[in-house]
Amino acid sequence: MEKPEHLTLQPTADGSYTFFSSVFGESFHSQFGAKQEAELKFVEPLNLRQRAQQSPLFLLDICYGLGYNSAAALTAIRETNPDCKIELIALELDETVPKSAIAHHLLDSYPAEIVELLAQFSTTHSFKSDRLQAKLLLGDARITLQQVRSSEFKADAIFLDPFSPPVCPQLWTVEFLSLVAQCLKPDGKLATYSCSATVRSALLAAGLTIGSTSPVGRRTPGTVAGFSAALPPLSTSELEHLQTRAAVPYRDPELNDNAESIIQRRYQEQQSSSLEPTSQWKKRHRVRAGSE
């Protein structure tokens, strides 16, 4: 298929390719490497190789995109325990993105078996074998996630990978992340690339505990969350960040507001907040903008 006009192919440092979205004004991955990001930001923090010893394993991929996170997860699990049964639910807004990733062979460095099943997945939106049951739900994740919750699906591992909070605040709100938390098992884990204070405070408001993951391709770390307290601790700087106005979370009470409304609501709340101005925290820790 022809690549949609809003997607531009971009190479990354590890030899893999990603897309730049003109709709969101961002790339799907950093220049560090699409494949390495999937491994280091999601597979490793979620301990998928260790968890592969149990069967079945339930995965929730929020913002499936090009399919790297699911491809990396399925590969890691199969390499560790070929007999592990997996149930995967993936959410994606734009059907053309996973199709374009397959058409341009972006996942071809993964095992042929994985690429073939994800190729079918991107077209038929489902896949079923004796070891894998997978569904791709298309549309606004605020709606499709409610379907997942209603089905009583509970994930061992959740990949939270939307575009950044400033351009896609709809999927970083207290209300949306509360829905996400309701789809996580008591001993399950969630991982995201973001260390934004607004994201972390929303995860806390959703009833989760949070930890810090190693930086990948940037100075700032990612975040891992769950109901268990056994997570890598936050640094003093990170803890203090959560006491600044940067930590005022996005809110979307009816789960249907547009990005502009959500951003404006947060801005108004920040203006009346008694929390420390984020600029003071940045001066104290000499932190560059971007982690808010």
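These legends go with four close-up views of a predicted model.

**View 1. An open sheet of three strands, ordered S1-S2-S3.**
The pairing here is antiparallel. S1 covers residues 7–11 and S3 covers residues 26–27, and these two stand at the edges. Each has a single partner strand, so one side of each goes without a neighbour in the sheet. Strand S2, residues 17–21, is joined to S1 by 5 bridges, while 2 bridges link S2 to S3.

**View 2. Who faces whom in the sheet, and how the chain turns between strands.**
Start with the S1–S2 pair: Thr8 has Phe20 of S2 as its bridge partner, and Gln10 sits opposite Thr18, also in S2. Now look at Phe20 again, this time towards S3, where it stands opposite Ser27. Both connections are hairpins. The one between S1 and S2 leaves 5 residues between the strands, and Gly15 in that turn has a positive phi of about 95°. The one between S2 and S3 has 4 residues between its strands, with Gly25 taking a positive phi near 70°.

**View 3. Helix H8, residues 197–205, is largely enclosed by the rest of the structure.**
How many of the 9 residues of H8 are buried? The count is 7, so the helix is largely enclosed. Buried here means under 20% relative accessible area. The buried set runs through Ala197, Thr198, Val199, Arg200, Ser201, Ala202 and Leu203, so Arg200 is on the list along with Thr198 and Ser201. What do these buried residues pack against? On the helical side, the partners are H7 (174–182), H9 (236–241) and H10 (259–271). On the strand side, they are S9 (184–192), S10 (209–213) and S11 (222–226). Zoom in on the N-terminal end and you'll find Ser196 acting as a cap, with a side-chain oxygen 3.2 Å from the backbone nitrogen of Thr198. Just after the helix comes Gly207, which has a positive phi of about 95°.

**View 4. Helices H1 and H3 cross at an angle of about 65°.**
H1 spans residues 34–43 and H3 spans residues 68–80, and their axes are 9 Å apart. Angles from 65 to 115 degrees count as roughly perpendicular, and the two helices are therefore roughly perpendicular to each other. The crossing of H1 past H3 is right-handed. Which residues meet where the helices pack? H1 brings Ala34, Lys35, Ala38, Phe42 and Val43. H3 brings Tyr68, Asn69, Ala72, Ala73 and Ala76.

Technical notes. Residues are numbered from 1 along each chain as its sequence is written. This is a predicted model: local features need pLDDT of at least 70, side-chain atom pairs count only at pLDDT 80 or more; totals for chains, interfaces and linings use all residues. Side-chain values use heavy atoms; hydrogens and water are left out. Two strands pair if DSSP finds at least two bridges between them. Buried means under 20% relative accessible area, exposed over 50%, partly exposed in between (1.4 Å probe, protein chains only). Contact means heavy atoms within 4.5 Å. A polar contact is a pair of N or O atoms within 3.5 Å; within protein, one must be able to donate a hydrogen and the other to accept it, and residues adjacent in sequence count only if both atoms are side-chain atoms. Axes are lines fitted to C-alpha atoms, for helices over the stretch in contact, and angles run from 0 to 180 degrees between N-to-C directions. Angles under 35 degrees count as roughly parallel, over 145 as roughly antiparallel, 65 to 115 as roughly perpendicular and the rest as oblique. A crossing is left-handed if the near helix is turned anticlockwise from the far one by less than a right angle, and right-handed if clockwise.
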